[in-house]
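Welcome, and please open the model in your viewer. We will go from stop to stop, selecting a few things at a time and looking at what is there.

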Amino acid sequence: MGVSGKALAHDSAHLHVTGQAAYTDDLPEPRDLLHLAVGMSSKAHARIRNIDLSRVQDFAGVHACFVAAEIPGENNYGPIVHDDPIFADELAQYAGQPLFAVAATSVDAARKAARLAEVDYEELEAILDPATAVARESFVLPSQEIHRGEPEQALAAAPHRLQRHTSVGGQDQFYLEGHIAMALPQEDGGLLIYSSTQHPDEVQQLAADVTGRSAKDVVVICRRMGGAFGGKESQAALIACIAALMSDKTGRPCKLRLDRDDDMVMTGKRHDFEIDYDVGFDDEGRILGIDFALAARCGMSADLSGPVNDRAMFHCDNTYYLENVRITSHRCKTNTVSNTAFRGFGGPQGMFAIEHVMDEIARHLGKDPLAVRRSNFYGTDERNVTHYQQTIEDNIIHDIVDELVLSSDYAARRDDIRAFNANSKVLKKGIALTPVKFGISFTSTHLNQAGALVHVYKDGSVQLNHGGTEMGQGLYIKVAQVVADEFGIDIDAIRITAADTSKVPNASATAASSGTDMNGMAARAAARKIKARLIEFAARHYGINESAVEFSSGEVVAGKQTVSFEKLVRLAWLDRVSLSATGYYKTPKINYDHDTLSGRPFFYYAYGAAVSEVIVDTLSGEHRILRVDILHDCGDSLNPAIDIGQVEGGFVQGAGWLTTEELCWNEAGQLTTHAPSTYKIPVSSDLAIDFRVKLLQNANNAEDTIYRSKAVGEPPLMLGLSVYHAIRDALSGANLNAPATPEAVLGALAGDRHE
Ligand code: MTE
Ligand code: HPA
Ligand code: MOS
């Protein structure tokens with residue numbers, strides 16, 4: 001192969017580091033642009049008696065205001081259930097909910113004016129946490145249950161049994177580029193929207209719906225996002241719809257860029273979970289029966305909470321065989337912002353639950369948690385059917401863990417740490433190895449489809465387009481590598497173009513880590529169509545067999561002749577051969593019955609494991625990550641530089657979720673951690689002092705994916721669980737919820753130990 005598998009730099013790296021990469025806010029501003037700001041509810045739950053906007057209207061520079069009643073179409077941007085108003089009408093359901101928008105000649109004027117509304121609220125009782133929601137049966141969607149075997153009998157008969165409650169916090173996506181959209185009216189009712197979105201197709205449809213158009217009249221373009229992490233899968237549409245509505249009302253281009261604090265308050269995050277379980281196990285720590293109850297904070301609407309919680313249920317096994325199991329999942333309706341996709345999409349919370357179980361079992365039995373984990377691993381030929389009835393055909397977790405145990409020197413370091421702790425009163429070290437198995441595919445089967453559009457110009461250069469969006473993850477370069485190899489040309493012969501709903505229609509969100517898998521295949525299909533035409537032409541032109549035509553290194557060998565790719569393309573054009581094609585892909589083999597929550601939701605699994613070592617100061621509750629060893633499976637990597645970046649970034653983001661990132665709401669239901677001053681994401685100084693990341697070698701995907709690679713976007717986030725468990729190890733299993741902030745660590749040390 002030519003460039004696939006090579007560690008090429010991100011296609012925009014030189015633009016990122018020189019400030020030339022154009023994000024939505026960098027686009028040239030049209031002459032009569034208006035800037036928007038959103039007025040938000042200050043109450044978590046209230047009837048809105050009246051919104052008086054006279055002071056807003058009168059503010060210098062203000063051009064127009066917009067409220068719910070003016071929406072021509074449906075007042076909704078909910079992607080699945082229609083329960084997400086653009087603007088609250090009579091009922092405010094969270095503090096931060098949009099009530100109206102204001103358009104002004106400057107950003108500053110719009111933002112200042114938006115604060116001047118006088119809103120008459122009749123306050124209602126608010127439900128602010130999942131536990132209360134469960135008690136009141138306040139749900140955004142019906143509770144679900146997966147059940148296999150005989151959990152009750154197995155629990156009753158088990159030699160050992162533990163019941164535990166734990167919780168894991170939410171997480172703000174904290175993309176560096178906040179939500180933004182710019183809408184430009186076009187001639188004859190057309191509308192062009194630049195949107196920072198993972199899902200241009202959905203923005204197109206929803207903007208059409210709210211403005212009373214059809215999809216054909218709206219074009220959505222996104223060249224890149226400055227990070228998304230799931231936060232721009234569904235909720236980017238809110239921002240784009242507001243810009244679209246205001247541009248229709250004013251007849252002028254409108255841009256809405258949320259201020260960081262407003263972004264954090266107004267838009268959804270990772271779901272925090274309350275977790276209860278009852279587990280029965282044998283003397284080895286092997287689970288005999290388990291009963292999980294998960295309660296997730298969905299916030300005020302359904303958004304993507306259905307599939308998020310389904311994925312949490314699917315990942316309550318992680319790499320472990322659960323023979324007798326019940327999982328109950330409550331999708332709690334609370335008067336807080338509607339939670340949404342975040343890297344891992346429920347998977348991390350499900351894995352958090354089962355890894356907590358492993359740790360508790362090990363402590364109860366006085367065993368190394370790794371031994372307990374291993375004794376519960378899925379088998380390769382037996383004990384290999386998941387609780388949702390998918391047979392695992394590609395299990396490589398045994399090999400990964402064996403290799404990592406050796407390369408990280410786990411056993412000796414564990415002994416050293418025990419010795420260190422025996423002689424250290426204040427500083428305590430801990431170590432943990434945690435595995436990951438993550439299912440690849442959208443659990444909604446119909447979303448597993450993609451399209452691409454490839455043009456070859458008569459000078460032999462290529463333009464590539466597909467339905468995927470670039471959020472920094474390296475999708476565009478990986479797909480370009482595939483197309484370069486199909487034509488046997490250099491990567492520089494290809495121009496990568498922005499996601500554009502007028503080029504590839506009906507594209508799914510770039511999500512579920514499936515971007516490269518699906519768009520890579522679609523782009524390959526398009527390239528192969530053109531290549532087949534070129535081969536047919538070359539055979540005819542040179543009077544040879546088609547099998548004698550080969551493409552490589554920018555050249556085409558046609559029997560005894562060798563011509564440049566450019567030359568062949570030109571000859572083909574002169575002969576009137578079409579040099580443009582669409583490509584389409586749908587993921588094979590998957591089928592999944594939503595009513596029974598069973599089938600084969602996933603095409604395959606991505607695996608990995610991490611060993612983290614930490615040191616905890618038991619007086620301050622602070623910790624440092626001393627060393628991390630990761631072995632991660634990207635199949636046959638399309639681009640090891642990009643993939644290692646994804647593994648490193650995912651791990652750090654996962655560790656942040658479980659250690660420093662804490663979302664707090666006050667008693668009025670207002671988010672109090674809405675800026676980097678109070679919400680602490682990991683920074684470079686939090687990186688492990690010794691950080692060793694390796695991709696598994698000779699690891700062809702067992703399934704026929706693009707060049708046998710594997711998806712990498714989300715799975716490594718869950719490797720961060722090893723940091724949380726290393727901290728637990730340092731504290732000898734104190735009852736520690738996540739995130740393990742210094743306060744949580746001190747609280748855990750101060751008492752509430754089990755037994
Ligand atoms: N990497 C960067 N740099 N920025 C992001 O926003 N999002 C993650 C992951 N990696 C993200 C990222 C999420 S949530 C997903 S689903 C995948 O990238 C999506 O891209 P892919 O399908 O092309 O892997
Ligand atoms: N992952 C990410 N996004 C999604 C999914 C999923 O499984 N299903 C619907 N949107
Ligand atoms: Mo990623 S959470 O599937 O956008």
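**First stop: ligand 2**

Select ligand 2 together with Glu233: a nitrogen atom of the ligand sits 2.9 Å from an N or O atom in the Glu233 side chain. Please keep in mind throughout that this is a predicted model.

Now add Arg311, which places a polar side-chain atom 3.2 Å from an oxygen atom of ligand 2. Thr443 takes part through its backbone: a polar atom there is 3.4 Å from an oxygen atom of ligand 2. On its own, ligand 2 has 260 Å² of accessible area, and the protein covers 97% of it. To see what surrounds ligand 2, show its neighbours as sticks; among them are Pro307, Phe345, Phe442, Ser444 and Leu447. Ala511 and Ala512 belong to these surroundings too.

**Second stop: ligand 1**

Move on to ligand 1 and select Gln646, where a polar side-chain atom lies 2.8 Å from a nitrogen atom of the ligand. Next, click on Met471: one of its polar backbone atoms is 2.9 Å from a nitrogen atom of ligand 1. Then choose Arg343, whose side chain has an N or O atom 3.4 Å from a nitrogen atom of ligand 1. Ligand 1 exposes 520 Å² when taken alone, and the protein buries 92% of that.

How many residues surround ligand 1? There are 18, and the closest include Ala228, Phe229 and Gly515. If you colour this shell by class, you will find 6 nonpolar, 10 polar and 2 charged residues.

**Third stop: a patch on the surface**

Switch to a surface view and select Val426, Leu427 and Leu619, which make a nonpolar patch of about 260 Å². Val426 belongs to the loop that runs between helix H13 (410-422) and strand S16 (427-440). Its relative accessible area is 33%, so Val426 counts as partly exposed.

**Last stop: two alanines**

Select Ala606, in strand S27 (residues 604-617). Is Ala606 buried or exposed? It is buried, because its relative accessible area is 0%. Add Pro716 and draw a distance between the C-alpha atoms: Ala606 and Pro716 are 110 residues apart along the chain, and the separation in space is 9.2 Å.

Finally, pick Ala493, in the loop between helix H14 (475-487) and strand S19 (494-496). With 23% relative accessibility, Ala493 is partly exposed. Draw a line from its C-alpha to that of Ser196: the two residues are 297 residues apart in sequence and 27 Å apart in space.

Methods
Residues are numbered from 1 along each chain as its sequence is written. Chains are lettered from A and ligands numbered from 1 in the order in which they are written. This is a predicted model: local features need pLDDT of at least 70, side-chain atom pairs count only at pLDDT 80 or more; totals for chains, interfaces and linings use all residues. Side-chain values use heavy atoms; hydrogens and water are left out. Patches are made of residues with over 30% relative accessible area and no salt bridge: like charges are joined within 9 Å, nonpolar side chains (Val, Leu, Ile, Met, Phe, Trp, Tyr) within 5 Å. Accessible areas come from the Shrake-Rupley method with a 1.4 Å probe; for residues, only the protein chains shown count as cover. A salt bridge is a side-chain nitrogen of Lys or Arg within 4 Å of a carboxyl oxygen of Asp or Glu. Helices (H or I, at least four residues) and strands (E, at least two) are DSSP runs, numbered from the N terminus. Buried means under 20% relative accessible area, exposed over 50%, partly exposed in between (1.4 Å probe, protein chains only). A residue is near a molecule or strand if one of its heavy atoms lies within 4 Å of it. A polar contact is a pair of N or O atoms within 3.5 Å; within protein, one must be able to donate a hydrogen and the other to accept it, and residues adjacent in sequence count only if both atoms are side-chain atoms. Ala, Val, Leu, Ile, Met, Phe, Trp, Tyr, Cys and Pro count as nonpolar, Asp, Glu, Lys and Arg as charged, and the others, Gly among them, as polar.
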